[in-house]
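Trainee: Please pick one part of this model and take me through it closely, together with what surrounds it. I would like to know how each term is defined as you go.

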Amino acid sequence: MTAQPRLTSLDIARTLAVVCMVIFHFTFDLALFGHIDPETMSQPFWYYFARMIAGSFLFLSGIGLWLAHGRGIRWPSFWKRWTMIVAAAALITTASIWLVPGGPIWFGILHAMAATALIGLLALRLPWPVTLAVALLIFAAAWGPHFPALDPLWLVWTGLAEHRPMMGDYVPLIPWTAPALAGLAFAKAVKLDQWRGTQPSRLTHTLTFPGRHSLIIYLLHQPILFGLFNAWAWAHS
């Protein structure tokens, strides 16, 4: 049985998200290494740009969950992918303890993707309007009451603590489960699993490489950028 051709449009969307992520982190590093105003990243544009990127990755992960498992959960495939994400999240946490300005990443984008994949499984069989309604409720909950009892670090994943934890990358389940469930609802609503993919041209296949390998690029791009900035500083010292 031949594999179903990939949806090129989805790979293009992932590639755009990856490119935006690299742009954000490159600019962040420019500020960190003193090449631009250190206050640059506190400007509203970069604040919302970062959240757009995180939301895009989670939205696309919801679409991907439906494409992979909407017709029935393929458990070996699911657990293989999920284990890779969890391992990558653990690696990020470990490295961030020493390397990330702003505090260790106890619950960042990869942690959120792992958690929302499990939540998405529970929503696979729900009608898409119900899935979307749950997404909207979760999004709205971020503007609801927050509780000091949820301030301890081990409850950082909730997003409902009274005080925001100091963290280099913080993507709690409230509100960030919302874009993942919205992506799942979208894929259900348009019956994306029934769309027929097309074989990409050689150019398209090359251009969508980042979208097909987003996890490894996420893990490697910052160490590479840090190495380049340090090499530049050494060469000009």
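Mentor: Lys-191 counts as partly exposed, because its relative accessibility is 45% (buried means under 20% relative accessible area, exposed means over 50%, and partly exposed lies in between, with a 1.4 Å probe and protein chains only). Before we go further, please keep in mind that this is a predicted model, in which local features need pLDDT of at least 70 and side-chain atom pairs count only at pLDDT 80 or more, while totals for chains, interfaces and linings use all residues. Residues are numbered from 1 along each chain as its sequence is written, and side-chain values use heavy atoms, with hydrogens and water left out.

Lys-191 sits in the loop between α6 and α7 (202–207). Helices here are DSSP runs (H or I, at least four residues), as strands are (E, at least two), and they are numbered from the N terminus. The backbone of Lys-191 has a phi near 55 degrees, a positive value in a residue other than glycine. The loop between α6 and α7 also holds Gly-197. Gly-197 is buried, with a relative accessible area of 13%. In sequence Gly-197 and Thr-8 are 189 residues apart, yet their C-alpha atoms are 6.9 Å apart in space.

Now step back along the chain into α6. Pro-175 belongs to this helix, and the peptide bond that joins Ile-174 to Pro-175 is cis, with omega about 15 degrees. Ile-174 is also one of the residues in contact with Thr-158, together with Leu-150, Pro-172 and Leu-173, if we leave aside neighbours of Thr-158 within four places in sequence (contact means heavy atoms within 4.5 Å). Thr-158 itself lies in the loop between α5 and α6, and at 10% relative accessibility it counts as buried.

The loop between α5 (128–141) and α6 also contains Asp-169. Asp-169 is partly exposed, at a relative accessible area of 21%. Beyond its neighbours within four places in sequence, Asp-169 touches Ile-105, Phe-107, Gly-108, Ile-109 and Tyr-218. With Ile-109 there is a polar contact: the side chain of Asp-169 reaches the backbone nitrogen of Ile-109 at 3.1 Å. The term covers a pair of N or O atoms within 3.5 Å; within protein, one must be able to donate a hydrogen and the other to accept it, and residues adjacent in sequence count only if both atoms are side-chain atoms. Trp-106 is 63 residues from Asp-169 in sequence, and their C-alpha atoms lie 8.3 Å apart.

What does α6 pack against? Helix α2 (residues 44–69) and helix α6 (residues 173–189) have axes that come within 7 Å and cross at roughly 40 degrees. Axes are lines fitted to C-alpha atoms, for helices over the stretch in contact, and angles run from 0 to 180 degrees between N-to-C directions. That crossing angle makes α2 oblique to α6 (under 35 degrees is roughly parallel, over 145 roughly antiparallel, 65 to 115 roughly perpendicular, and the rest oblique). The crossing of α2 and α6 is right-handed, meaning that the near helix is turned clockwise from the far one by less than a right angle, whereas anticlockwise would be left-handed.

On the α2 side, the residues that make this contact include Arg-51, Leu-58, Phe-59 and Trp-66, and they meet α6 residues among which are Trp-176, Pro-179, Phe-186 and Lys-188. By class, twelve residues of the α2–α6 contact are nonpolar, four polar and two charged. Ala, Val, Leu, Ile, Met, Phe, Trp, Tyr, Cys and Pro count as nonpolar, Asp, Glu, Lys and Arg as charged, and the others, Gly among them, as polar.

Another helix pair makes a useful contrast. The axes of helix α3 (residues 75–99) and helix α4 (residues 109–123) are 8 Å apart, at an angle of about 155 degrees. The two are therefore roughly antiparallel to each other, and α3 passes α4 in a left-handed crossing. Residues including Trp-75, Trp-79, Trp-82 and Ala-88 in α3 meet α4 residues such as Leu-110, Met-113 and Leu-121. This contact of α3 with α4 has 15 nonpolar, two polar and no charged residues.
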